[in-house]
Amino acid sequence: MATTEECRAALDKLSDNLARAEGDLHAAAALDRSLSCHITDLDVTFLGRLRDGRIEVHDTVPGAPPARAQIRLAMAGDDLVALVGGELNFAKAWASGRVRLEAGFRDLLRLRALL
């Protein structure tokens, strides 16, 4: 089972990957939205923003997200680490329910280019 520190490192790596994106991928990542990532098996939530193609984590709180972020992710810690490491396909994980992504319709359309 991934630790909180490993999950935070995976989010940092994802942020670095987004910052290096070019073209359509960079445009898709250039949103300015509140973000939460609930790690279900650890029952911890990372809170922050997706801004200028980077994920800025501002806080880590126990339990479910305290407020509704504009982009909401939920998954097990091992799945987050595997997704960022390229070992788990997002579309398959999302289709099987291992990963949940909730956002407004327009944001989902832009985010699909990233995923």
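Against which elements do the buried residues of H3 pack? I began with this question and worked outward through the predicted model.

**Entry 1. Helix H3**

I looked up the cover of H3 and found 6 of its 8 residues buried, so that the helix is mostly covered. I listed these buried residues as Gly77, Asp79, Leu80, Ala82, Leu83 and Val84. They pack against H1, E1, E4, H4 and E5, which settles the opening question. I then checked what comes after the helix: H3 is followed by Gly86, and the phi of Gly86 is positive, near 80°.

**Entry 2. The chain as a whole**

I counted 5 helices and 5 strands in the chain. Read from the N terminus, the order of elements is α-α-β-β-β-β-α-α-β-α. For the chain I noted a radius of gyration of 13 Å, close to the 13 Å that the globule rule gives for 115 residues, so the chain is as compact as a globular protein of that length. The C-alpha trace spans about 35 × 30 × 25 Å along its principal axes.

I recorded that 41% of the 115 residues are buried. I also looked at how contacts are distributed in sequence. Among contacts with a separation of 6 or more, 58% come from residues 24 or more positions apart.

**Entry 3. The largest nonpolar core**

In soluble globular proteins, nonpolar side chains tend to be buried together. I therefore looked up the largest nonpolar core of this chain, which has 29 residues. Which of its residues touch the most other members? I found Cys37, Ile39, Phe46, Leu50, Ile71, Leu80 and Leu111. Each of the following supplies at least two residues of this core: helix H1 (4-19), E1, E2, E3, strand E4 (71-75), helix H3 (77-84), helix H4 (90-95) and strand E5 (99-103). Leu80, named among the residues with the most core partners, is also one of the buried residues of H3.

I followed Phe46 further. Neighbours within four places in sequence aside, Phe46 is in contact with Thr4, Cys7, Arg8, Leu11, Leu35, Ser36, Cys37, Ile39, Val57, Asp59 and Thr60.

**Entry 4. Cys7**

Since Cys7 is among the contacts of Phe46, I examined Cys7 next. Cys7 lies in helix H1, and at 0% relative accessibility it counts as buried. With neighbours within four places in sequence left aside, the contacts of Cys7 are Ala2, Ile39, Leu42, Phe46, Gly77 and Leu80. Of these, Gly77 and Leu80 are buried residues of H3. I also checked the pair Cys7 and Thr40, which stand 33 residues apart along the chain; their C-alpha atoms are separated by 11 Å.

**Entry 5. The cavity**

How many cavities of 30 Å³ or more does the count give? I found 1 cavity. The largest cavity holds about 30 Å³ of space. Its lining consists of Leu11, Leu35, Cys37, Phe46, Leu47, Gly48, Ile55 and Val57. Strand E1 (32-39), strand E2 (44-51) and strand E3 (54-62) are the elements that give two or more residues to this lining. E2 gives the most, with 3 residues.

I sorted the lining residues by type and obtained 7 nonpolar, 1 polar and no charged. Phe46 appears in this lining, and Phe46 is in contact with Leu11, Leu35, Cys37 and Val57, which are lining residues as well.

**Entry 6. Two loop residues with positive phi**

I searched the loops for backbone angles of note. Asp43 is not a glycine, yet its phi is positive, about 50°. Asp43 sits in the loop between E1 and E2. Is Asp43 buried, partly exposed or exposed? Its relative accessibility is 42%, so I entered Asp43 as partly exposed.

Asp52 is also a residue other than glycine with a positive phi, near 50°. I located Asp52 in the loop between E2 and E3. At 62% relative accessibility, Asp52 counts as exposed.

**Entry 7. Asp107**

I closed with an aspartate in a helix. Asp107 belongs to helix H5 (residues 105-111). Is Asp107 buried or exposed? Its relative accessibility is 9%, under the 20% limit, so Asp107 counts as buried. Apart from neighbours within four places in sequence, Asp107 is in contact with Leu31 and Arg33.

Methods
Residues are numbered from 1 along each chain as its sequence is written. This is a predicted model: local features need pLDDT of at least 70, side-chain atom pairs count only at pLDDT 80 or more; totals for chains, interfaces and linings use all residues. Side-chain values use heavy atoms; hydrogens and water are left out. On a 1 Å grid over the protein atoms alone, a cavity is a set of points where a 1.4 Å probe fits but cannot get out, and a pocket is an open set with protein on both sides within 12 Å along at least five of seven lines; lining residues have an atom within 4 Å of a point. Grid points are joined across faces, edges and corners, and a volume is the space filled by probe spheres set on the points. Helices (H or I, at least four residues) and strands (E, at least two) are DSSP runs, numbered from the N terminus. Ala, Val, Leu, Ile, Met, Phe, Trp, Tyr, Cys and Pro count as nonpolar, Asp, Glu, Lys and Arg as charged, and the others, Gly among them, as polar. A nonpolar core is a set of buried Ala, Val, Leu, Ile, Met, Phe, Trp, Tyr and Cys residues joined through side-chain atoms within 4.5 Å. Buried means under 20% relative accessible area, exposed over 50%, partly exposed in between (1.4 Å probe, protein chains only). Contact means heavy atoms within 4.5 Å. The radius of gyration is taken over C-alpha atoms; the globule rule is 2.2 Å times the number of residues to the power 0.38.
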